[in-house]
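Could you look through the model below before reading my comments? I have set them out as numbered points.

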Amino acid sequence: MALASRVRFPARALLRPWTLLLGTTFGRTEPAAGGGGDGARRFGSQRVLVEPDAAAGVAVMKFRNPPVNSLSLELLTELVISLEKLENDKTFRGVILTSDCPRVFSAGLDLTEMCGRSPAHYAEYWKAVQELWLRMYLSNLVLIAAINGACPAGGCIIALTCDYRILADNPKYHIGLNETLLGIVAPFWFKDTYVNTIGHHASEQALQLGTLFPPAEALRVGLVDQVVPEDQVLSTALSAMARWLAIPDHARQLTKNMMRKATADHLLRQRDADIQNFVSFICRDSIQKSLQMYLEKLRQRKG
């Protein structure tokens, strides 16, 4: 967000977010449904379930932060830790990202983390959002998004960090960056990721209008790579993964880094300034009122 900074935080205040979750239990294992043996054991945390297939070198990572997989600080942190665990285990070469919640992949950033909190909390939260994007965007693993539900805003940006995207063919499952509809602005690195995927002109229109694309349109503009029947999303992702894993890792990884490094470096060079700009923007009275009104509408719908 190209806004003047008004709030300053020393670097030491922006701790790696997962230091706050040291009490969370990670790495606990249990047999996968119908499975046995080490290759079928799954692990995870409260909000992320990982189902590994060591023999295939592939893991399925499921978001389970009901009702809509909002990207809370805790979910962001647990996703980073789970991805790190898989990256550090040389058994695994690919990860399929999908949802354990019905009808939604991820509804995006958790607005309750951005409303009625302190500037220090906003800074901590935004650093966690940056961290997840960087870890996923630059991961040496093959990442495939099996999008089995609605995928707006932050859910879309998670999908865009993946190497390949498969969307369920359901007219209710829209995907896109719709921040302007909430009165907020997508940061430059969201924009960069969008432009890299669908081009400058399409991104310019979609970002200004807050466009959410239905499956056929998402495929047409290149936001997703395949649209398949809902009950075939995961099997299609597994088939796609086999094609990606047929490529030698070193060649694929070097090529991926060559294609993505400049975009990631753009954020890395301006990471602290981006946090300051986000905090300055989100602390505006007008933005807080807009978010409060939207959250109140959501509460009324639930009521």
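The points that follow take up a sheet, a core and one lysine.

1. This is a predicted model, in which local features need pLDDT of at least 70 and side-chain atom pairs count only at pLDDT 80 or more, while totals for chains, interfaces and linings use all residues. Residues are numbered from 1 along each chain as its sequence is written, and side-chain values use heavy atoms, with hydrogens and water left out.

2. Three strands make up an open, parallel sheet in the order β7-β10-β12, where strands are DSSP runs of E with at least two residues, and helices runs of H or I with at least four, numbered from the N terminus; two strands pair if DSSP finds at least two bridges between them. At the edges are β7 (103-104) and β12 (175-176), each pairing on one side only. β10 (residues 149-152) is joined to β12 by two bridges, and P152 lies opposite G176 of β12.

3. In the largest nonpolar core (buried Ala, Val, Leu, Ile, Met, Phe, Trp, Tyr and Cys residues joined through side-chain atoms within 4.5 Å) there are 88 residues, of which I175 and Y194 touch the most other members. Helix α2 (residues 119-137) gives the largest share of this core, 11 residues. Beyond four places in sequence, the contacts of I175 (heavy atoms within 4.5 Å) include I147, C151, L212 and F213.

4. K62, in strand β4 (residues 58-63), is buried because its relative accessible area is 17%, buried meaning under 20% with a 1.4 Å probe, protein chains only. The side chains of K62 and E51 share a polar contact of 3.5 Å, a term for a pair of N or O atoms within 3.5 Å, one able to donate a hydrogen and the other to accept it within protein, with residues adjacent in sequence counting only if both atoms are side-chain atoms.

Conventions: Buried < 20%, exposed > 50% of the residue type's maximum accessible area, 1.4 Å probe, protein only.
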